[in-house]
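Thanks for sharing this one. Here are a few notes to read with the structure open beside you.

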Amino acid sequence: MSQMPQPTALSRCPSCEEPLEAADRFCGACGYDLSTVPAPSPDHPTIAMNGAAAGLPPAAPSVEPPLAPRHGGPDASSHRAADAQGAGPDGSELPHPEHPERPGQPLGPGQSEHPDGAEHPEHAQGDPAGIRPPSPRRPSGQPTGVRFDRPSEPDEYPLAPPSGGPGPEVPADPRTGDLPAPPAGAKVCVACRAGQVDTDGYCENCGHAQPRERDHMEQELGAVAAVSDRGLRHHRNEDAFAVSSTALPDGSPAVVAIVCDGVSSATRPDEASLAASHAANEALLAALPLGTHPQAAMHEAIVAASAAVNALAGPDTAQGEHAPHVNAPACTIVGGLVTSTLLIVGWVGDSRVYWVPADRSAPPARLTEDDSWAAQMVAAGLMNEAEAYADERAHAITGWLGADAYELEPHTVSFKLDRPGVVVVCTDGLWNYAETAREMAEIVPLDAAERPLHAARVLVGHALDGGGHDNVTVAVMPFPAPSQGAGSA
């Protein structure tokens, strides 16, 4: 049986505090259903939100309706909004005992107004009426809510100053802290800068393998400069070079550059290239001041280099079918000789010489022909140059220096150039990345004649940037030879 809602006797809306009239069933401002608010008890009990209410006698008990009805029935309704907001039976707000500026603000979850752990009056066990004596008023300034037994801790913890003095101490590097200073003249590790390098090329402290002397070499004279680098793929540098300058009998300068490339399939190719470059250079320095024609001197220098490489072959490099897997040390050779009027070039193998004029509008030129399978195919007319060098057999050499070489046939050519420029003497580690004369001229710096060492570094860098698949060696020689280049070196 349904019941009609009865008019409320509230003077203000429990929801929005809008003034009400006696006959109102709904709030005219917020639409709150006033019939759901039970009529106030005639005895006007005091609601204890935080213990005893301010301004009431201490002995007055506090009464709080239960949060939910224990049994179903007409009382199974929601709490009064006025009670939830701390309003009195007449609709007025009750002041919060600890926060007077926030009247009627409910406590957060888990908070309690009783620091001794007592439950809220409406949760009292064994007291059906939920009536308890009011709690004593807390002293002003005492915090409310959940009590924490642990003392408060600072957000930051000050660090104790280091011992041993007021200033900070820098800990010693554990790699070098206990090492004695290396003896004078001993080689120091390039990695830890403290350990001594043993005879095997490793640091006795950190074990780092030291770069070998031939991994990167540079040399500059007044009229010639050369740079050699191991590259990015090989474990050692099998190239070698020698540069020098001397004077002819008439006092005019002569500048020499010898570049050798070890044959990797042979034994000890690095020794072969080093021996050949030194022997050829010494032969030229000995012959030129005596008045030997520069082209004849170049021929004899290559023969001397061949003899030096042949001398490296020992009993363990027997030739023929008895030891086909053992090859004698071998290398290729190319040399440039610049005087005030002539350029002489000599070679055996596939290392090259390029001519790059100072006036870049003039055509550059390649001055050597490779002793290789590709060059033979082109010379015989069987392939064009592009097809021959695209073949996997292109770099198979047909001429070299070594005890197992075929008949030695040094190539020598003399040029009388009519304009200044630079001569580039290089191994295939460079020209593989700039094969044609025009490609080589494009990467030679414009100031190569004034800065030959810088130009040689740029050319080696070009090969490394291209992949560095082989050892790279290049010598740059200005033409004609400047007068300050005279004198032995």
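The points below cover cysteines, a helix pair, a buried serine and some backbone details.

1. A reminder before we start: this is a predicted model, and everything below should be read as a description of that model.

2. Let's begin with the cysteines. Searching the whole structure turns up zero disulfides. You may pause at Cys13, whose closest cysteine sulfur is that of Cys27, 3.6 Å away. A disulfide needs the two sulfur atoms within 2.5 Å, so that separation is too far for a bond. Cys13 itself is buried, at 1% relative accessible area. Cys203 is likewise in no disulfide, and the nearest cysteine sulfur, in Cys206, is 3.7 Å away. Cys203 also counts as buried, with 5% relative accessibility.

3. Next, have a look at helices α2 (residues 269-287) and α3 (residues 294-310). Their axes come within 8 Å and cross at roughly 145°, and the crossing is right-handed. What kinds of residue make up the contact of α2 with α3? They divide into 15 nonpolar, no polar and no charged. On the α2 side they include Ala272, Ala276, Leu284 and Ala287, while α3 contributes Met298, Ala301 and Val309, among others.

4. Ser228 deserves a closer look. This serine sits in strand β2 (residues 225-229) and is buried, with a relative accessible area of 0%. Where do the polar contacts of the Ser228 side chain go? One reaches the side chain of Asn237 at 2.9 Å, and another the side chain of Thr473 at 2.8 Å. Setting aside neighbours within four places in sequence, the residues in contact with Ser228 also include Asp215, His216, Met217, Asp239, Phe241 and Val472.

5. On to the backbone, with some background first. Most peptide bonds are trans, and most residues other than glycine have a negative phi. The bond from Phe479 to Pro480, however, is cis, with omega near -5°. Pro480 belongs to the segment after β12 (472-479).

6. Finally, please check two residues with positive phi. Glu17 is not a glycine, yet has a phi of about 65°; this residue lies in the segment before α1 (81-84) and is partly exposed, at 25% relative accessible area. Arg268 has a phi near 50°, again positive in a residue other than glycine. Arg268 lies in the loop between β4 (253-262) and α2, and is partly exposed as well, with a relative accessible area of 27%.

Definitions and conventions. Residues numbered from 1 in each chain as written. Predicted model: local features only at pLDDT ≥ 70, side-chain atom pairs only at ≥ 80, totals over all residues. Heavy atoms only, no water. Buried < 20%, exposed > 50% of the residue type's maximum accessible area, 1.4 Å probe, protein only. Axes fitted to C-alpha atoms, helices over the stretch in contact; angles between N-to-C directions. Helix = DSSP H or I, 4+ residues; strand = E, 2+ residues; numbered from the N terminus. Left-handed = near helix turned anticlockwise from the far one by under 90°. Contact = heavy atoms within 4.5 Å. Nonpolar A, V, L, I, M, F, W, Y, C, P; charged D, E, K, R; others polar. Polar contact = N/O pair within 3.5 Å; in protein donor to acceptor, adjacent residues only side chain to side chain.
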